[in-house]
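Me: Got a minute to go through this one with me? I'd like to start with the sheet.

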Amino acid sequence: MTVHEGFAGYREFAPPGWSPPPLEQEAEWLRRGLPDPDVWCMVGERDGEVAGHVAFRSARLSRWGDGGDVGLAHLWQVFVRRAYWGTGLAPTLLAAATERAGERGFARMRLYTPARQARARRFYEREGWTARGEPFVGPQLGLPILEYRRPL
């Protein structure tokens with residue numbers, strides 16, 4: 001649910017005619033990815049309802065590749081359902097992920113976010129992430145995206 005809602009929200013800044021990745025495709029990525037011992041995931045709940053989640057893995061094993069940087073963790077997903085925006089859940093999930101990545105021996109972390117997703121970009125920048133490079137069209141989303149990184 002959080003992934004589906006998150007990607008559906010991209011329509012607010014995506015070009016006309018853009019569609020989010022099919023729910024079945026994302027569900028398959030989750031089914032294959034979550035059991036991997038390299039993946040760490042945390043679900044945030046509020047009042048017994050799933051409100052958001054965060055997940056990371058080694059960048060070496062992500063679909064984005066890594067250029068051989070074994071000290072790099074890839075923030076695979078962070079989504080918070082709109083009803084829980086502004087509650088402090090997103091910073092809590094992100095802080096937990098960066099803490100766990102450091103505990104697992106990673107020195108740096110990266111993520112990719114749509115270049116036009118201004119709210120998320122402001123959030124990441126407040127949390128100590130820095131944009132790196134120029135936007136490029138991500139093959140999975142078909143949108144211009146930016147890479148962000150931060151030391152752990």
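**Sheet, helix and confidence**

Me: How do strand 5 and strand 6 run, and how many bridges join them?
Reply: They run antiparallel, and five bridges join strand 5 to strand 6 (residues 144-151). Strands here are DSSP runs (E, at least two residues; helices are H or I, at least four), numbered from the N terminus.

Me: And what's the bridge partner of threonine 130 in strand 6?
Reply: Arginine 149.

Me: What can I trust in here?
Reply: This is a predicted model, where local features need pLDDT of at least 70 and side-chain atom pairs count only at pLDDT 80 or more, while totals for chains, interfaces and linings use all residues. Residues are numbered from 1 along each chain as its sequence is written, and side-chain values use heavy atoms, leaving out hydrogens and water. pLDDT is the predictor's confidence in each residue, from 0 to 100. The chain's mean is 87, with 89% of its residues at 70 or more.

Me: Which elements have the lowest and highest mean pLDDT?
Reply: Helix 2 (residues 23-33) is lowest at 70, and helix 3 is highest at 97.

Me: Switching to threonine 98: buried or exposed?
Reply: Buried, because its relative accessible area is 12%; the cut-offs are under 20% for buried, over 50% for exposed and partly exposed in between, with a 1.4 Å probe and protein chains only. Threonine 98 sits in helix 3 (residues 89-103).

Me: What does threonine 98 touch, beyond residues up to four places away in sequence?
Reply: Met109, Trp129, Arg150 and Leu152, with contact meaning heavy atoms within 4.5 Å.

Terms used: Pairing = 2+ DSSP bridges.
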